[in-house]
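Below are my notes on the model, set out as numbered points. Please read them with the structure open.

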Amino acid sequence: MSSNPTLQADELAESERALEPTRPSPALTLTAALLGFALICLDASVVNVALPAIGDSLDGGMSGLQWVVDAYTLAFAALMLSTGAFADRAGASRAYALGTVVFTLASVACGLAPNLPTLIGARVVQGVAAAAVLPASLALVRQAYADPARRARAVALWAAGGSAAVALGPVAGGALTTAWDWRGIFFVNVPIGLVILALLIRAPRSERRPAPLDVPGQVTAVVALTALAFAVIEGGTAGWAALAVAVVAAVAFLRIEARGAHPVVPLDLFRNRTVTATVAAGAAVSVAFYSLVFVFSLFFQQVQGRSALHAGLLFLPMTGLIAVTNVVAGKLAGRYGPRLPMLVGQALAVVGLLLLLYVDAGTPSSLVAVLLAPMALGCALTVPPLTAAMMDAVPAERAGLAAGVLNAARQVSGGLGIAAFGALISDGFVGGMRLSLVISAALLTVTFALSCRLAGPSASSA
């Protein structure tokens, strides 16, 4: 050791600084949260293009392929109603880590699945884990940034990551299926999950907070949604029995929510006209977008004979518009209020859906890819303003609840749309596809009329 007192003091101070705990990096926390959100969004869309390959490999018919998509979507949507409360009780960092671990292991199970029932079961587990990841990831971003301005920018990046993942899903699914195998779309989740967990080591530990759980309401919601999906997909005598179960479970759910002290979906939320209109519009947009990505993924491959990679690339003009349009839509909503971009978006989506009615087996694939763009553009223009309108319509203390209800409604609608449209195309592809387009256009026309009653720009600005 040096005999110089000044030098000794400097060395001691440096040693003390080395022993101090390193402050967690907000950027690393944001990266971990963004990767997780992007991962669960990617898995909602990446599987569509791989469905024909899955069907050929595991001998699955149309109903089996519908369950491969809906097992994930419905579990994700139904449990999202209460996983926000779970994240509060467990702590966001713990809930996020647990969800990531389970999602990664379930992805391995999907990739190794020897048959269709095993794959569907593993997809259910993926959906459960995804429901835990989503609210916890956003809570981590909120905790990492104390400054409101920096937090707003971080949340925007987080949301953009999810949009980019949804847009890249069909292309990534086609590329992985062609270059590797359909199992590759699940195995690719493993390194991403490991990176997330490595980043979480540096993230701050979240506090646990008491949050009530509505277990009876959650259980009846899951039963009602699963039974309804089963009724639509399977049909026949079993389908009618499942429909009866769905009705009974739905009535029980409504009674529980009306009388419960801590309902998972407070029914008084829907007394607000804006909430009703935005949830309906979000549901209609999800039916149009997610369900038709499913339908046209099969159309390109099963009807037109394109490869998985070619089918994925044909979605690129449509999906490439989404991220850019989401940003533009947010700016339009800030300047003119949410009603105008919502109305323009829904009207554009309806026009795009009607243009697609002219598509048949002989229509050039490149033209179909172009005709898909107006529908996607309209949907992308609608979602950010309706989300903003929903958040403006509820008190700040109910913002998380409202966001959960809106996103759950969108996911459920997309899943039920896939179930319904899959049943339609199984009886005759082109005819069923056209009927699906008409139904989607009709739903958006109804929600367009509801959106006309929203507050104008002056009220929104106020």
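1. On the nonpolar surface patch, the largest share, three residues, is supplied by helix 10 (residues 215–234). Helices here are DSSP runs of H or I with at least four residues, strands are runs of E with at least two, and both are numbered from the N terminus. The patch is made up of Val215, Val219, Val223 and Val245, which together have about 300 Å² of accessible area. Patches take residues with over 30% relative accessible area and no salt bridge, joining like charges within 9 Å and nonpolar side chains (Val, Leu, Ile, Met, Phe, Trp, Tyr) within 5 Å. Areas come from the Shrake-Rupley method with a 1.4 Å probe, and for residues only the protein chains shown count as cover. Val215 sits in helix 10 and is partly exposed because its relative accessibility is 49%. Buried means under 20% relative accessible area, exposed means over 50%, and partly exposed is in between (1.4 Å probe, protein chains only).

2. A note on what is being read: this is a predicted model, in which local features need pLDDT of at least 70 and side-chain atom pairs count only at pLDDT 80 or more, while totals for chains, interfaces and linings use all residues. Residues are numbered from 1 along each chain as its sequence is written, and side-chain values use heavy atoms, with hydrogens and water left out.

3. For the protein overall, the secondary structure consists of 19 helices and zero strands. There are 462 residues, of which 50% count as buried. The protein exposes about 19,700 Å², and 67% of that is supplied by carbon and sulfur atoms. Of the contacts between residues at least 6 apart in sequence, 83% join residues at least 24 apart; a contact means heavy atoms within 4.5 Å.

4. Two helices can be checked for length. The expected span is 1.5 Å times one less than the number of residues. Helix 11 (residues 236–259) has 24 residues and should span 34 Å, which agrees with the 35 Å between its end C-alpha atoms. Helix 18 (residues 429–451), with 23 residues, reaches 33 Å from its first C-alpha to its last, close to the expected 33 Å.

5. Which residues of helix 11 are buried? They are Gly239, Ala242, Ala246, Ala249, Phe253 and Glu257. Helix 10 is included in what covers them. In helix 18, the buried residues include Phe429, Met433, Leu437, Ser440, Leu444 and Ser451.

6. Gln66, in helix 4 (residues 62–90), is buried, because its relative accessible area is 1%. Setting aside residues up to four places away in sequence, Gln66 touches Ile233, Phe294, Ile418, Ala419, Gly422 and Ala423. The C-alpha atoms of Gln66 and Leu416 are separated by 9.9 Å, although the two residues are 350 residues apart along the chain.

7. Leu381 belongs to helix 16 (residues 365–393) and is buried, with a relative accessible area of 11%. Outside the four places on either side in sequence, its contacts are Thr325, Ala329, Leu332, Pro341, Val344 and Gly345. Leu381 and Leu321 lie 9.8 Å apart, C-alpha to C-alpha, with their positions 60 residues apart in sequence.

8. Thr363 is in the loop between helix 15 (339–355) and helix 16. Thr363 counts as buried because its relative accessibility is 11%. Its side chain reaches the backbone nitrogen of Asp360 at 2.9 Å. Not counting neighbours within four places in sequence, Thr363 is in contact with Gln304, Tyr358 and Val368.

9. How many salt bridges does the model have? The count is two, where a salt bridge is a side-chain nitrogen of Lys or Arg within 4 Å of a carboxyl oxygen of Asp or Glu. Arg123 pairs with Asp43, the closest N and O atoms being 3.2 Å apart. Arg123 lies in helix 6 (residues 116–144) and Asp43 in helix 2 (residues 26–45), so this pair ties together parts that are 80 residues apart in sequence. Arg123 is buried, at 0% relative accessibility, and Asp43 is buried, at 0%.

10. The other salt bridge joins Asp181 and Arg183, with the closest N and O atoms 3.8 Å apart. Asp181 is partly exposed, because its relative accessible area is 29%.

Definitions and conventions: A polar contact is a pair of N or O atoms within 3.5 Å; within protein, one must be able to donate a hydrogen and the other to accept it, and residues adjacent in sequence count only if both atoms are side-chain atoms.
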